[in-house]
Amino acid sequence: MYLHLGEKTVIRTENIIGIFDLDNSTISKHTRNYLTVAEKKGEVVNVSYELPKSFIVCKEEKEKKVYISQISSNTLYKRILNNKEGRQV
């Protein structure tokens, strides 16, 4: 299955390692350090330049990608659940 992250970005759900809320998770210095290192490595993809609400960590083939999305982590999770149940989102 696929998950639409916003704008023109769609990823395969089986590649998702985790979906994280930016407001809650960036309180931790470890998360901020992880995102800084990922950005320096060129692993970060900004889906939109609107206010970011979540980040999604994926493993695609042998490389990691971190997608920054304007869609909330709750909405993305609900989309995955709805897709598994066969509902249109």
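Before I place the first residue, a word on the vocabulary: helices, of at least four residues, and strands, of at least two, are DSSP runs numbered from the N terminus. In those terms, Ser 73 belongs to helix H3. I should say at once that what we are looking at is a predicted model, with a mean pLDDT of 92 for the protein chain and 96% of the residues reaching 70 or more. Among the elements, helix H3, residues 73-84, has the lowest mean pLDDT, at 91, while strand S3, residues 16-21, has the highest, at 97.

Let me stay with Ser 73 for a moment. Is this residue buried or exposed? Its relative accessible area is 13%, and since the cut-off for buried is under 20%, Ser 73 counts as buried. If we set aside the neighbours within four places in sequence, Ser 73 is in contact with Ile 19, Phe 20, Asp 21 and Ser 54.

Phe 20, one of those contacts, brings me to the aromatic rings. A search of the whole structure returns one aromatic pair. That pair is formed by Phe 20 and Phe 55, and it is stacked, with 4.9 Å from centre to centre and 25° between the planes. It links distant parts of the chain, with Phe 20 in strand S3 and Phe 55 in strand S5, residues 54-60, the two being 35 residues apart. The two partners can also be described by their accessibility: Phe 20 is partly exposed at 34%, whereas Phe 55 is buried at 2%.

There is a further residue to mention here, namely Ser 25 in helix H1, residues 22-25, which is buried with a relative accessible area of 15%. Not counting residues up to four places away in sequence, Ser 25 touches Phe 20, Thr 31 and Phe 55. From Ser 25 to Phe 55 there are 30 residues in sequence, and the C-alpha atoms lie 9.5 Å apart in space.

Turning now to the nonpolar cores, I would recall that in soluble globular proteins nonpolar side chains tend to be buried together. The largest nonpolar core here has eleven residues, including Leu 3, Leu 5, Ile 11, Val 47, Ile 56, Tyr 67 and Leu 76. Strand S1, residues 2-6, together with S5 and H3, are the elements that give two or more residues to this core. Apart from it lies another core, of seven residues, and Phe 55 is among them, as are Leu 35, Ala 38 and Val 66.

Val 47, from the largest core, has contacts that lead us to the hairpin. Leaving aside neighbours within four places in sequence, Val 47 is in contact with residues including Leu 5, Gly 6, Glu 7, Thr 9 and Tyr 67. S1 pairs with strand S2, residues 9-12, in the antiparallel sense over four bridges, and Gly 6 stands opposite Thr 9 in S2. Two residues lie between the strands of this hairpin, where Glu 7 takes a positive phi near 50°.

Finally, how many salt bridges does the count give? The answer is two. One joins the side chains of Arg 12 and Glu 14, at 2.3 Å from N to O, and Arg 12 is partly exposed, with a relative accessible area of 35%. The other joins Glu 63 and Lys 65, at 3.6 Å from N to O; here Glu 63 is partly exposed at 46%, while Lys 65 is buried at 18%.

Technical notes:
Residues numbered from 1 in each chain as written. Predicted model: local features only at pLDDT ≥ 70, side-chain atom pairs only at ≥ 80, totals over all residues. Heavy atoms only, no water. Salt bridge = Lys/Arg side-chain N within 4 Å of Asp/Glu carboxyl O. Buried < 20%, exposed > 50% of the residue type's maximum accessible area, 1.4 Å probe, protein only. pLDDT = per-residue confidence, 0-100. Phe/Tyr/Trp six-rings, centres within 6.5 Å; stacked < 30°, edge-to-face > 60°. Core = buried A, V, L, I, M, F, W, Y, C linked by side-chain atoms within 4.5 Å. Contact = heavy atoms within 4.5 Å. Pairing = 2+ DSSP bridges.
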